[in-house]
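Visitor: Could you take me through this model, beginning with one helix and ending with the interface between the chains?

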Amino acid sequence: MIRLQNIEKVYRTDTIQTLALNSINLDIEKGEFLSIMGPSGCGKSTLLNIMGLLDMPSKGSINIDSQVTDNFSDKQLAAFRNKKLGFIFQSYHLINDLQVLDNVELPLLYRDTTAKERKQLATEALEKVGLSNRIKHFPTQLSGGQRQRVAIARAIVGRPEIILADEPTGNLDSAMGNEIMDILLQLNRDEGTTIVMVTHDEHMAKKTHRLVRLFDGSQVQ
Amino acid sequence: MLKNYFKIAIAVLRRRKFFTFISLFGISFTLTILLVMTAFIDKVVNDNYPDKKRDRSLYISHIELRGKESMNSSGLSYSYISRFVNKMKTPVKIAVSSGFGSTNTYVNNRKIVINYKYANAAFWEVLDFEFVEGKPISRQQTDNAERVTVISEDMKKEYFGDDNSPAVGKYIEADNIKYRVCGVVKSLPITSYTLYSDIYLPITTSKTKLDADKGYMGNYSAIVLAENSSDVPKMKKEYDNIVAKLPIPGKEWDHLYSHADTYIEGYVRTGNEKSSGMVYAFTAITLFALFVMLLPTLNLVNVNITRIMERSSEIGVRKAFGASSKTLVYQFIVENLILTFLGGIIGVVLSVVVMYFINDAELIANLNLSLNFTVLAYALFTCMFFGLLSGVYPAWRMSKLNIVLALKA
């Protein structure tokens, strides 16, 4: 489903160069739930961002769902992300000015959908994460766990084949973290969604199919 | 999509009340200045009282002589008009009037300044003055040099008092001569300077002998009226041909210019052939408008950048979930247009209030500013211009934000 070949990422300033990722080769199968672990600053998030086409590698090639994305334009990348990928962030990144339903509808705004369809799909997605009774609330009126569930609803509303989650339980206590993890596992099991998750939590990582470890930008496991 | 943009625009405006206030204040205040200015120009240029036949009239009011080292520009002499303008074949009527002069008179030990203007009989036929009472000076009265006058409504009040008794038949004294009032017309603002006066007198009563001065220059102007508007170009050409054949008086001059102008051309003519009044007026208005708009626009650009950058997380999320840079630019421009539109509404309300006070204070007598459709069209156009100008750059800059950096901010 995702194939990374010789991915290298270098950050350059006027005086120094930092190698964030070094020759990463990774194949992720369709329907796989993969977790990425490693100490802070080892390049986990950078790798996830590159997989999510949010950032460009300095070298190497990315193939997602049999399409090489290396030479995509801004518009093509946007359309591709919209259709194939869903994102969950550690700090949720919900738009506080919009109600829960509007937040969840967001990916559908960039597709050819009617307002009615958007509302229906967003309501369904919120039902899946158990928040259908909170659609008129604003994010600031919800707990951390609830916010992350809204973020998951937003990530799945467009029915993407891949979900990329950057420390989705990082800001939550263990009970809420487990709740979120259960939702992700269920998504993977029931819908066959491919999930790549960056985490610091061994306990969570053990629940996934495969674990990749990074150290100083290189894959060590 | 638009509904979503609208929701977020309103939410953002409510969240940052101070920014919103600054932005709205800037927009509405600037717009008010522009609206009052356009209302003023519109009134001066487009108000067609009493020359309602502008579409088939041309105005001849200047003559200019130019030599190597000097130039002389002035109104026309009466003899010039009778020798050259009156010979034109295309016009059906030719109104001739002098510039207004002023004289002091005393009523009950009170000094009154009276502006007077001499006019021929056709003047009353070419122009559609609104008579409050009485009637215009007739051709016969003009031919007989009768001492009669048409006065303005304002002069009636000033000279005869505020009681509503008729002025027709009474006498008004100007320059030590008594004139019998034969009509009272609705007053003009002084901005219609070519036609404005307090009292209008028969041209034949002029103290200076009309044909005495054989030169070209003097204090008169003419309005030539064509049968219909399609004859106007022909009339213009006819006058140009006459001017082309005019002998140049004196060796110090080598060029002579005079034009039959449309109303606007005539209104802004500077009296200097080498610098077109239209260009001057247009440049002056444009520069003023730009200057008035520049500072608030720059301020708005700045405020917008700050406001948009505060929303970098939202930008990151929207991009991650499929918004292209172009879509985001569109979103932020729409938001900005909503803001400008709100400012526009406030600006229109403010303008109405300001115009009310200007009219009420009678800064220029008889000039009643109003917000008409022309002015509203200007307002809408200015709003759009503002919205785009102050929104495009910040939107473009923000749309180029790197997603990862936007999400980290």
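Guide: A residue is called buried here if 20 or more other C-beta atoms lie within 10 Å of its own, and exposed if 12 or fewer do. The model is a predicted one.

Visitor: Which residues of α6(A) are buried?

Guide: Helix α6 of chain A runs over residues 174-191 and reaches 25 Å from its first C-alpha to its last, close to the 26 Å expected at 1.5 Å a residue. By the count of neighbouring C-beta atoms given above, its buried residues are A:Gly177, A:Ile180, A:Met181, A:Leu184, A:Leu187 and A:Asn188.

Visitor: How wide is the arc that they cover around the axis?

Guide: An α-helix has 3.6 residues a turn, so residues three or four places apart point the same way. On the other side of α6(A), A:Ala175, A:Asp182, A:Arg189 and A:Asp190 are exposed. The buried residues, by contrast, lie on the same side of α6(A), because the arc that they cover around the axis is only 115°.

Visitor: Against which elements do the buried residues of α6(A) pack?

Guide: Their partners belong to chain A and include both strands and helices. The elements are β3 (33-37), α5 (144-156), β7 (162-166), β8 (194-198) and α7 (202-205).

Visitor: Which element gives the most to the side of chain B that touches chain A?

Guide: In the contact between the chains, 23 residues of chain B meet 20 residues of chain A. Two or more residues on the chain B side come from each of α1 (2-15), α10 (312-320), α11 (325-361) and α13 (403-408) of chain B. With seven residues, the element that gives the most is α10(B).

Note on methods:
Residues numbered from 1 in each chain as written. Chains lettered and ligands numbered in written order. Predicted model: local features only at pLDDT ≥ 70, side-chain atom pairs only at ≥ 80, totals over all residues. Contact = placed C-beta atoms within 7 Å. Helix = DSSP H or I, 4+ residues; strand = E, 2+ residues; numbered from the N terminus. Expected span 1.5 Å × (residues − 1). Arc of directions from axis to C-beta.
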